[in-house]
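Welcome, and thanks for opening your viewer. Keep the selection panel handy, and we will walk through this structure one stop at a time.

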Amino acid sequence: MQLHKLNLTPREQRVLESMGITTVEQVALSTRYDLGFGKSRGDAIITRARNVLAYENIKGIDVGEDRVVVVLVNPSEAVVTSVKDVLGVLWTKLDVALEDAELSISLPKKT
């Protein structure tokens, strides 16, 4: 997916392209340090990229008692990372598994 989907300023787009970053997927897999815009702006651009990828690639969501299954259009690394981040499970210890185009998130048992 092309960078124009992120509504970057012309300067931001030029900076990314000069570093060889030409797709939303590359931005989504980057860290704030990779982008060179500083913590706040770098985080904002990465968040926007992940939101766009999640929005464009979630086909459906099934919420069960013990797990959530997210059906993806394109289960690439960038999309899976983006969906995990958007759902708030990227940095958790929840059991998350990808099989075919389904991302399965096991929920903690209620006590």
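Start by selecting Arg 50 and showing what surrounds it: setting aside neighbours within four places in sequence, Arg 50 is in contact with Ala 28, Ser 30, Thr 81, Ser 82, Asp 85, Val 86 and Leu 90. Before going further, please keep in mind that you are looking at a predicted model. Trace the backbone around Arg 50 and you will find yourself in helix 4. Is Arg 50 buried or exposed? Its relative accessibility is 11%, and buried means under 20%, so Arg 50 counts as buried.

For a contrast in setting, jump to Arg 14, which sits in helix 1 (residues 10-18). Colour by accessibility here: the relative accessible area of Arg 14 is 54%, and the cut-off for exposed is over 50%, so this residue is exposed.

Next, the nonpolar cores. Select Leu 6, Leu 16, Val 27 and Leu 35, the residues with the most contacts inside the largest nonpolar core, which has 16 residues. Now add helix 2 (24-28) and helix 4 (39-57) to the view, since each supplies at least two residues of this core. Which helix gives the most? That is helix 4, with five residues. As background, nonpolar side chains in soluble globular proteins tend to be buried together.

Stay with Leu 6 for a moment and display its surroundings. Beyond residues up to four places away in sequence, Leu 6 touches Val 24, Val 27, Arg 48, Ala 49 and Val 52. Then move the selection to Leu 72, Val 80, Val 83 and Ile 105, which are included in a second, separate core of 10 residues.

Now switch to a cartoon view for the strands. Highlight strand 1 (residues 58-63) and strand 2 (residues 67-72): they pair in the antiparallel sense over five bridges. Follow the chain from strand 1 to strand 2 and you pass through a hairpin of three residues. To see one of the pairings up close, pick Val 63, whose bridge partner in strand 2 is Val 68.

Strand 2 has another partner to show. Add strand 4 (residues 102-106), which pairs with strand 2 in the antiparallel sense, again over five bridges. Select Arg 67 here and look across to Ser 106 in strand 4, which stands opposite.

For a last stop, draw a distance between Arg 67 and Arg 14, C-alpha to C-alpha. How far apart are they in space? The separation is 42 Å, while in sequence they are 53 residues apart.

Methods:
Residues are numbered from 1 along each chain as its sequence is written. This is a predicted model: local features need pLDDT of at least 70, side-chain atom pairs count only at pLDDT 80 or more; totals for chains, interfaces and linings use all residues. Side-chain values use heavy atoms; hydrogens and water are left out. A nonpolar core is a set of buried Ala, Val, Leu, Ile, Met, Phe, Trp, Tyr and Cys residues joined through side-chain atoms within 4.5 Å. Buried means under 20% relative accessible area, exposed over 50%, partly exposed in between (1.4 Å probe, protein chains only). Helices (H or I, at least four residues) and strands (E, at least two) are DSSP runs, numbered from the N terminus. Contact means heavy atoms within 4.5 Å. Two strands pair if DSSP finds at least two bridges between them.
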